[in-house]
Amino acid sequence: MRSPRPYSPQQPGPGAQSLTERRKAATQLDIARAACELFAEHGPDGTTAEDIAHRAGVALRTFYRYFRNKQEAVAPLLAGGGDEWRALLAEESPGTPLAEALERAVTRSLTDLLSVGEGLEVTRGLLRAAAGDPALRAVWYRVNQESEEQLVPLIARLAGPDADALSVRLLAAAATDAIRVALEVWSTTDGPTEGPASPAALALRCLHDLTSGMPLLH
């Protein structure tokens, strides 16, 4: 899962998206940002698909080309956070202690980049809006589930070929939920984006509490 933050489309390179695919991704991201802004400002009930399309500068038919409904429109932004933190974990070398690798990736994903503070504030507004909207919460949970599934092979690579599949799967669930719960709790407060009450600090606390008894980390 980013910790969710504004998604950055991939840059050209080996295996990169085509120009058409990058344009589609950029349009989806524009729509997602518009949806998040409007949900934070007016709530899901006070926001229509037409409002989102207008804010994003696209036609309503373009909106529905990419998304089934207004809640689904936030998925690209939320998924981008998970993409980011998994990419940071993928940079870790096999043989690196798993606990150390996970803590470093979580911390970096929630603190390193200049855009993190802005992205976290967007996430806070979105999660507050989701508290009263089951469909929006469903998108949030689905994105986290998909991120968890994509995390499994990364953890398996770091854990080595002898790692128990169940332990790998359980660690992926715990790491994903550590970030998810931290962001959900933080979003109910006016806490800062840095320091002891920040999402990074809360996520590390959750990670320690959820994984302290896991043999895979010892």
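**Exercise 1. Find the salt bridge that Glu91 forms and say which parts of the chain the pair ties together.**

Step 1. In this predicted model, Glu91 pairs with Arg108, with 3.1 Å between the closest N and O atoms. A salt bridge here is a side-chain nitrogen of Lys or Arg within 4 Å of a carboxyl oxygen of Asp or Glu.

Step 2. Glu91 sits in the loop between α4 and α5 (98-111), while Arg108 belongs to helix α5, so the pair ties together parts that are 17 residues apart in sequence. Helices are DSSP runs of H or I with at least four residues, numbered from the N terminus.

Step 3. Glu91 counts as exposed at 53% relative accessibility, and Arg108 as partly exposed at 27%. The classes are buried under 20% relative accessible area, exposed over 50%, and partly exposed in between (1.4 Å probe, protein chains only).

Conventions: residues are numbered from 1 along each chain as its sequence is written. Local features need pLDDT of at least 70, side-chain atom pairs count only at pLDDT 80 or more, totals for chains, interfaces and linings use all residues, and side-chain values use heavy atoms, with hydrogens and water left out.

**Exercise 2. Describe helix α4 and the salt bridge between Arg86 and Asp83.**

Step 1. Helix α4 covers residues 75-90, 16 residues in total. Its span from first to last C-alpha is 22 Å, close to the expected 22 Å; the expected span is 1.5 Å times one less than the number of residues.

Step 2. The buried residues of α4 include Leu77, Leu78, Trp85, Arg86, Leu88 and Leu89.

Step 3. Arg86 and Asp83 form a salt bridge with the closest N and O atoms 2.7 Å apart. Both residues lie in α4, three residues apart, about one turn of the helix. An α-helix has 3.6 residues a turn, so residues three or four places apart point the same way.

Step 4. Arg86 is buried at 9% relative accessible area, whereas Asp83 is partly exposed at 29%.

**Exercise 3. How far apart are Arg124 and Glu121 in helix α6?**

Step 1. Helix α6 spans residues 116-130, and the two residues are three apart, about one helical turn.

Step 2. Their side chains meet in a salt bridge of 2.8 Å, N to O.

Step 3. Arg124 is buried at 6%; Glu121 is partly exposed at 39%.

**Exercise 4. How many disulfides does the structure contain?**

Step 1. A disulfide is a pair of cysteine sulfur atoms within 2.5 Å.

Step 2. By this rule the count is zero.

Step 3. Cys36 is buried at 3% relative accessible area, and Cys206 is buried at 18%.
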